[in-house]
Amino acid sequence: MTGATRESRRQGGLIVRASLLAGLTMLAGCQTALEQAYEPPAVQPSSTPQIVSEVQKNDPRAQMGAREHPRILASYGGEYKDEKTERLVARITGALTAVSENPSQSYRITILNSPAINAFALPGGYLYVTRGLLALANDASEVAAVLSHEMAHVTANHGIQRQQREEAEVIASRVVSEVLSSDIAGKEALARGKLRLAAFSRNQELQADQIGVRMLGEAGYDPYAAARFLEAMAAYASFNAVDPENDQSMDFLSSHPSAPQRVDLARRHARAFGPEGTTGDRGRDYYLDGIDGLLYGDSPQEGYVRGQTFLHGKLGIRFEVPEGFQIDNKVEAVLATGPGEVAIRFDGVADSQGRSLTDYIASGWVTGLEPDTIRATQVNGLEAATARASADRWDFDVTVIRIGSQIYRFLTAVPKGSAALEPTAKVLRASFRRMTAEEAASLKPLRVRVFTVKQGETVPTLASRMMGTDRKLELFRMINAMGLTATVKPGDRVKIITE
């Protein structure tokens, strides 16, 4: 099938549009003509760049997506800007657009600056993929599998069909927020109740799977990539979960049902293009080129997680969570979950009034506060105060610490009567401190680095170079899609997480 695509980077995103005689406008005004859906592009100047407002100005569905776009950016750390990676995602999306159900549909693709494994679509062609998902994927066909699934939701108008359910959920959430008026009251999911888009129905998901696999095959990609990457995401979710059976992290699998039957159906759809391993291009080499140097994990603006420790060089602070806890560093707060439904939230607020910390705790922002538990104290030489609170079926420890004009807040939640409250809060208070200038200066972000295997190197020796995890071998195998018996040979290319 012959098609052409057009895309440009404007207003924080990429636009991709397939139409007759159109070219592919890339990023800073370059144009690529895709004579076939999956041919390497040639770059030349464009005289007709497309912009979001012009392409989508008469599309009411795009207006719906536009209203939600700023909220999505705010919730996922903004846009991740890297020309090489943007070109990679644009190339994949352009090939898919040419064989989509509606080749005239405009798409705005945004890479989100989040380590979460997620991708989703909004009405009007707004597509989102996180850099965390790009880091996990091993080739272009796997990312194409995710994007084709999301594009199928757009072309099938699934976003419009679910609007009524979303409105009902908003009403329900408003009732909850009005009854539970504070940041901590009734937070069964203090660290788990993360932003999620309303889920598509199972039939909509299966329809998007079928359309997506067809698009994969017709675009020249490996059609089995959909099943393969579903399994990879499930394995990664299990790797990161404190409680794999109950984890509801804000990732692709929490908003997209994953089941063995769904993986099996994806493989069945793929068989229409031929036996596994014999059809379609995976696009591994150019994909690895496109993500080499990709930011991995937390961004410098949000601080870093290193095992059980959170460090923020710009704020100059650090603390640790107990063993067995998983830290989840979000834009609005640092969240952590541990065994026994124990949850921690850490954030900071500006201290404009300079009142005592005991008065601050009692100022009304804590629902269920037990006033007789408020105590002034010190945390590693810093002014602090603590208190207890109780709401619904939860007990809370509240610890606030002042540094300059900032108040830092720890909220620890445990099921009522749990003996874990004081030991957990004690670890936080004992470990919170200012960082030294040397510590702050030494902090560097982790990145995906692509290495070519040399003579004598093995999976264990390569894995030993991984940083940011104490499960180096397990994570190395996972991000490189290597089973327990897989080996490497000279000339192979692998991903390593390092500075």
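Which residues of H3 are buried? Here are my notes on that and a few other things; bear in mind that this is a predicted model.

1. Starting with helix H3 (residues 83–97): the buried residues are Thr85, Glu86, Leu88, Val89, Ala90, Ile92, Thr93, Gly94, Ala95, Leu96 and Thr97. That makes 11 of the 15 residues, so H3 is largely enclosed by the rest of the structure. Its length checks out too: the end C-alpha atoms sit 20 Å apart, which agrees with the 21 Å that 15 residues should span at 1.5 Å a residue.

2. Two of those H3 residues turn up again in the core. The largest nonpolar core has 72 residues, and Ile92, Leu96, Tyr221 and Phe476 are the ones that touch the most other members. Helix H5 (residues 140–155) supplies the largest share of this core, with nine residues. Another core lies apart from it, with 23 residues, including Ile327, Val342, Leu382 and Phe410.

3. Next, helix H8 (residues 202–218). From first C-alpha to last, its 17 residues reach 24 Å, close to the 24 Å expected at 1.5 Å a residue. Its buried residues are Gln204, Glu205, Ala208, Asp209, Ile211, Gly212, Val213, Met215, Leu216 and Gly217. Just after the helix, have a look at Gly220, which takes a positive phi of about 95°.

4. H8 also carries a salt bridge within the helix. Glu218 and Arg214 pair up, with their closest N and O atoms 2.6 Å apart. The two are four residues apart in H8, about one turn of the helix. An α-helix has 3.6 residues a turn, so residues three or four places apart point the same way. Both partners count as partly exposed, Glu218 with a relative accessible area of 37% and Arg214 with 21%.

5. There are 28 salt bridges in the structure, and one worth checking joins Arg282 to Asp222 at 3.2 Å, N to O. This pair links distant parts of the chain, 60 residues apart: Arg282 is in the loop between helix H11 (260–270) and helix H12 (284–291), while Asp222 is in the loop between H8 and helix H9 (225–240). Their surroundings are worth comparing: Asp222 has a relative accessible area of 4%, so it counts as buried, whereas Arg282 is partly exposed at 39%. Both belong to a network of salt bridges that also takes in Asp139, Glu142 and Arg228.

6. Another salt bridge to look at brings together the side chains of Arg433 and Glu439, 2.8 Å from N to O. Arg433 is partly exposed, at 29% relative accessibility.

7. Now the sheet. It is open, with seven strands in the order E13-E14-E15-E19-E18-E17-E16 and antiparallel pairing. Strand E13 (326–329) and strand E16 (369–379) stand at the edges with a single partner strand each, so one side of each has no neighbour in the sheet. On average, neighbouring strands are turned by 20° against each other, direction ignored.

8. At the E13 edge, four bridges hold the antiparallel pairing with strand E14 (residues 334–338). Ile327 has Ala336 as its bridge partner in E14, and Ile327 is also among the members of the 23-residue core.

9. Finally, helix H14 (residues 421–431) lies across five of these strands: E15 (342–350), E16, E17 (382–391), E18 (394–403) and E19 (406–415). Relative to E18, H14 runs at about 15°.

Note on methods:
Residues numbered from 1 in each chain as written. Predicted model: local features only at pLDDT ≥ 70, side-chain atom pairs only at ≥ 80, totals over all residues. Heavy atoms only, no water. Core = buried A, V, L, I, M, F, W, Y, C linked by side-chain atoms within 4.5 Å. Buried < 20%, exposed > 50% of the residue type's maximum accessible area, 1.4 Å probe, protein only. Expected span 1.5 Å × (residues − 1). Salt bridge = Lys/Arg side-chain N within 4 Å of Asp/Glu carboxyl O. Pairing = 2+ DSSP bridges. Axes fitted to C-alpha atoms, helices over the stretch in contact; angles between N-to-C directions. Contact = heavy atoms within 4.5 Å.
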